[in-house]
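This report introduces a structure to a reader who has not met it before. It begins with a term, moves on to helices and domains, and ends with a sheet.

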Amino acid sequence: MTVARLADPRPDQRKRFSCGPLQLTLRTDDVELYDKIAETLGLYDFAWRPPRRPVRIFARRSNVPSAAASGDFLRCSRMLVERLPAGLRASTTSGARATAKFRDTGEDWHVTIPDSLVAAGMLEEIEDVLSLVLTTGWRRGGWTPIHGAAAVKGEACVLICAPTGGGKTTLTAALVRRGWQVLGDDKLLLRMDNGRPLVAALLHTFNLHPKTREWFPEVGDLEHLPRYSVWTEKRKVSVSSIWSHAPAQSAQPRVLIALQRSAEITEVVVSPLDDRKVLEALLRQTVIPSDAATARLIVSTVAQAAAMLRGLSVEVPTDAYRDPAFLDDLETRIERLA
Amino acid sequence: MLANEPLNERYELRPDVVATVLEDGAVLLDLETKYFYRLNRTGWAIVQLFELGTTMDEVWAHCRSLGAPGADDAAVTALITELSRDNLIEMSRVPNGGLPIPDTTDQPWSTPTIERQAEPLQRVIISAFDPSVPLVE
C-alpha cells in the first residue's frame, strides 16, 4: 500500500486562514481542490486577534462511494450531518464527505470531494461542507452564528433579521450611506458578554444585486463582476471599496429589526415588536442542530440576547429605496429605542 | 391522554425537548418538530418538575404548595394537556420517587401559560449557516 505524503501546494502563509475566532489550516496535495476551498475560506477577510481556535482540514479527492449521513444532527438542502461519539459526519448530494474529530482545543476534518464536483466547478457543496466546518468551530468556541446583518452608529447598534432574499443587504447599505458602519450583511457571530449581547464581524463584503445601482449609484456597474453563485444574480463586493468608513469589528446590539419585503404595500410600515416576536425573529436567524447539548447552548444565548433587545417590525415595498425618506423616521426610531 | 392515566404514573420531558430558563419563564424547543414554546414563570415552575420526572399527583401537590387557587385548575390542566398532546413529555424511565422537587416556593403564583409559536423553525434548511427555507433550484 502506498501512503501519500501530503504536499504543500502553496507557500506556507497561504495555507492558513483566519475565519473569525478560528485559525484554519488546510492540508491537501491537490492544487485545484486547494484553490476551490481557499476561494471560500478567503472570503473571511476580517482577521481577529489571536488566540484563535485551531481547526485542521485534510482534503483530498475520492470517488469511492460511502453511505450517506443520517441527518440526525442537521438536514440541509444538499447536505446531511450525523452525530458521532466525538465528532460529526456529513455527506452531500453529489458525494462530498466530511468527518470531524473533536479535540479539546479544536477540530480535525477529513474531507473528500468527488472528481465530478471539482471538474464541474460546483462550489456549492464544497461551500456547504466548509459552512459546517466553520459553524462547528465557532459554536465550540462559544459563539453563535447568526444569519443576519448588523449596523452601528454611535451607541445604536441594530440587528437586521430576514430570511435569504429578504432585503438585509439593501437596508444595511442604505444605512451605511447615511454614515452607519457595518458588521456584516448576512454572517455574524453572537455571544453574551458581561450580560450584554455582543455581535462580531466575520467578513466585510456585501452580496449586492446589480440593480442596487438604481438606488445607490456609487456601487457602480456590478454586472462585470462574477456572480456570487449560480443561484443568484448577486455579486460579492468589498464594503470598504465603496464606503471606506463602513467596516466595524464588534458592537452591542440594542435594537432588532424584523424586516419583510412586500409587493403588496406601497409605503414602509414600521411598528413595535413585542418580546416574543423579538425572540422568534432571532431564533429564526440561527441554525439549531437536533442535538440537545448543542441546541441548549444556542437557545440560551439567543434567548438571553433577545431579552436585551427592543424590536421593530419593518415592512418595505419592493421599490422603497427609490425614495429613501422613510430612513429618516426609521433612524429616529432606532435611536430612540437604543 | 394523561387524564386517563393513573395519577401516580411518572412522566418526564423527552430528551430532545430543550428547556432554556429566562428571567420571566422559559423557552422549550422540541428538536423533533422544531416547534418552540414560551412558558411564563409559573408554567416553568410546573414544567420543571418534568425535567426530573414527576407524577400528576406531585404536580397538583406542587401547585397547591405554590398557592394555586382552584380557579386556575383549568389552566394547569390545559398546560399539562398541551405537554401531552404535543408529546413533549413521555412515560418516565426513571424509577419512582427519590428525586428532589425544585424549590420554587419563593415565586408568587400566577396563572400558568404555555404558548406554542404559530410556525415551527425550519426542519430542512439551506446550509449549516443559513436557516432559511431552501430555494427552489
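A crossing of two helices is called left-handed if the near helix is turned anticlockwise from the far one by less than a right angle, and right-handed if it is turned clockwise. With that term in hand, the pair to look at in this predicted model is α1(A) and α3(A), where α1(A) passes α3(A) in a right-handed crossing.

**Two helices of chain A**

Two packed helices are described by the angle between their axes and the distance between the axes. Helix α1 of chain A, residues 31-41, and helix α3 of chain A, residues 123-140, pack at an angle of about 60 degrees, and their axes are 10 Å apart. Because of that angle, α1(A) is oblique to α3(A). On the side of α1(A), the contact is made by A:Lys36, A:Ile37, A:Thr40 and A:Leu41, while α3(A) brings A:Leu123, A:Ile126, A:Glu127 and A:Leu130.

**Two domains of chain A**

Chain A is divided into domain 1, which covers 12-141, and domain 2, which covers 145-337, and the C-alpha centres of these two domains of chain A lie 26 Å apart. Where they meet, 13 residues of domain 1 of chain A are in contact with 14 residues of domain 2 of chain A. The element that gives the most to the domain 1 side is α3(A), with 4 residues.

**Where chain B meets chain A**

Between the chains, 27 residues of chain B are in contact with 30 residues of chain A. The elements that give two or more residues to the chain B side are β2 (17-22), β3 (25-30) and β4 (36-40) of chain B, and β2(B) gives the most, with 3 residues.

The table sets out the residue classes for the contacts described so far.

| Contact | Nonpolar | Polar | Charged |
|---|---|---|---|
| α1(A) with α3(A) | 5 residues | 1 residue | 2 residues |
| Side of domain 1 of chain A that touches domain 2 of chain A | 6 residues | 2 residues | 5 residues |
| Side of chain B that touches chain A | 17 residues | 4 residues | 6 residues |

**A sheet in chain B**

Chain B also holds an open sheet of 3 strands in the order β5-β1-β6, with antiparallel pairing. Its edge strands are β5 (54-55) and β6 (89-91) of chain B, each of which pairs on one side only. Strand β1 of chain B, residues 10-13, is joined to β5(B) by 2 bridges, and the two run antiparallel; here B:Tyr11 stands opposite B:Thr54 in β5(B). Across β1, β5 and β6 of chain B lies helix α1 of chain B, residues 41-52, which runs at about 100 degrees to β1(B).

How values were computed: Residues are numbered from 1 along each chain as its sequence is written. Chains are lettered from A and ligands numbered from 1 in the order in which they are written. This is a predicted model: local features need pLDDT of at least 70, side-chain atom pairs count only at pLDDT 80 or more; totals for chains, interfaces and linings use all residues. Two strands pair if DSSP finds at least two bridges between them. Two residues are in contact if their C-beta atoms, placed from the backbone, lie within 7 Å. Axes are lines fitted to C-alpha atoms, for helices over the stretch in contact, and angles run from 0 to 180 degrees between N-to-C directions. Angles under 35 degrees count as roughly parallel, over 145 as roughly antiparallel, 65 to 115 as roughly perpendicular and the rest as oblique. Ala, Val, Leu, Ile, Met, Phe, Trp, Tyr, Cys and Pro count as nonpolar, Asp, Glu, Lys and Arg as charged, and the others, Gly among them, as polar. Domain bounds come from an automatic or database domain assignment.
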